[in-house]
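Here are my notes for our chat about this model. Have the structure open while you read, and click along as we go.

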Amino acid sequence: MRGVIERYRPYLDLADTPAVTLGEGSTPLISWATWGTTDIFLKLEGTNPTGSFKDRGMTVAISVARQQGAQAVICASTGNTAASAAAYAARAGLPAFVVAPRGQITQEKMLQALVHQATFLTVDGNFDAALAMVRKVAERTSLVTLVNSVNPWRLRGQETGAYEIVDDLGRAPDSLVLPVGNAGNISAYFQGFKRYGHGVPRMLGIQAQGSSPLVSGQDVENPETIASAIRIGKPASKHLAVKAVAESGGAFLAVSDDEILDAQRELAAGGVFVEPASATAYAGIKRLKAQDMLPDGIVAAILTGTGLKDGHTPLKWTQAKTESTDADRLEETLRTLLNGGAVHVAH
Ligand code: AN7
């Protein structure tokens, strides 16, 4: 497949818009575990071209922007939107401007924006302040097109994740679990399942405790969490997300940073390395399991971004053996670890 526009064009209402694509989408949906009457599936969105789910929306938003004659694109970002906007703008031959909260996005995401030649700016404030600023500027001038998820084409593109899950399973899952920051993705999936047919899952939105306005029902002035991608206190699409959860009989849930790190570690121990924001979804599943509240049937979790997006945070729980070795010491190490019961198997 050649990207989500070519795969799903009739569902996107794009008619003849030429696709600006990097071959996004068609990501793996893997069977992870069966616990009692619950089957857990994971959708690995980190396999998208820039390493996150944002590419699904960005291919559509930037294709439309280019067709409409945009001169440049702009976004605020906790990192992944910036990386994706920079790459797709580069592919389209358009200048990109990205505004990030100073010191609050990972170096890897900043580097992605820079290597694709975006103009990278920071604000002394959080993501919410950055988004308010770029929205104001995009309203004032027609020089730039806003490609945050308040641009409806972004959500249309992100609907394709739902289409793919239905194509893979032959129907919608019974429950869908996603990390929630600015609340665009949960809204897009809900819209997507409705548009594609074959059922709508219970939508379960997981937030980080220090950054959980949809759980408390109140905007958060100073959001805090180790999951920098979802450090967002005033979600732009909260009205859509609240509707998605209410209409589908779902819920919002908050998990602590410790639960997020523990979920990241457990996924990695099973071969799946995701960034902390994505581990938040799995932390939600673990919490429900621990409380014996895991729904029956198929539960699919959207793992939104690759672990390589944040190489620093896992240092909190990884251990490197730094001393040098030789054949004798290596053999001794193997004997100790494999016979001594020191090896932990995750499942
Ligand atoms: C890995 O890049 O908001 O609820 O500016 O990067 O649709 O916001 C990223 C969000 C989940 C939350 N997982 O999705 C940005 C940005 C990862 C993310 C989310 C983000 P939304």
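The points below take the ligand first, then the strands.

1. Before anything else: this is a predicted model, so please read every distance below as computed from predicted coordinates.

2. Start with the ligand. It has 22 residues around it, and the closest are Asn80, Thr81, Asn182, Asn185 and Thr304. As for where it is, the ligand sits in the largest cavity.

3. Which polar atoms should you click on? On the side-chain end, Ser77 puts a polar atom 3.1 Å from an oxygen atom of the ligand. Two backbone contacts are worth a look as well: a polar backbone atom of Gly181 is 2.9 Å from a ligand oxygen, and a backbone N or O atom of Asn185 lies 2.8 Å from an oxygen atom of the ligand. How much of the ligand's accessible area does the protein cover? On its own the ligand has 470 Å² of accessible area, and the protein covers 99% of that.

4. Helices contribute to this shell too. At least two residues of the shell around the ligand come from each of α3 (80-92), α8 (184-196) and α12 (276-290). Asn185, with its backbone contact to the ligand, is also one of the closest residues.

5. Now to strand β10, residues 297-303. Is it buried or exposed? Seven of its seven residues are buried, so the strand is largely enclosed by the rest of the structure. (For this, buried means under 20% relative accessible area.)

6. Who pairs with β10? Strand β2 (residues 38-44) runs parallel to β10 and is joined to it by seven bridges; one pair to find on screen is Asp39 with its bridge partner Ile298 in β10. Strand β7 (residues 175-179) is also parallel to β10, with three bridges between them, and here Leu176 has Ala300 of β10 as its bridge partner. As general background, strands of a sheet pair through backbone hydrogen bonds, either parallel or antiparallel.

7. There is also an open sheet of four strands to trace, in the order β5-β4-β3-β6, with parallel pairing. Its edge strands are β5 (119-123) and β6 (145-146), each of which pairs on one side only.

8. Within that sheet, which strand pairs with β5? Strand β4 (residues 96-101) does, in the parallel sense and over five bridges. If you want a landmark, pick Val99, whose bridge partner in β5 is Leu121.

How values were computed. Residues are numbered from 1 along each chain as its sequence is written. This is a predicted model: local features need pLDDT of at least 70, side-chain atom pairs count only at pLDDT 80 or more; totals for chains, interfaces and linings use all residues. Side-chain values use heavy atoms; hydrogens and water are left out. Buried means under 20% relative accessible area, exposed over 50%, partly exposed in between (1.4 Å probe, protein chains only). Two strands pair if DSSP finds at least two bridges between them. A residue is near a molecule or strand if one of its heavy atoms lies within 4 Å of it. A polar contact is a pair of N or O atoms within 3.5 Å; within protein, one must be able to donate a hydrogen and the other to accept it, and residues adjacent in sequence count only if both atoms are side-chain atoms. Accessible areas come from the Shrake-Rupley method with a 1.4 Å probe; for residues, only the protein chains shown count as cover. On a 1 Å grid over the protein atoms alone, a cavity is a set of points where a 1.4 Å probe fits but cannot get out, and a pocket is an open set with protein on both sides within 12 Å along at least five of seven lines; lining residues have an atom within 4 Å of a point. A molecule sits in a cavity or pocket if more than half of its atoms lie within 2 Å of its grid points.
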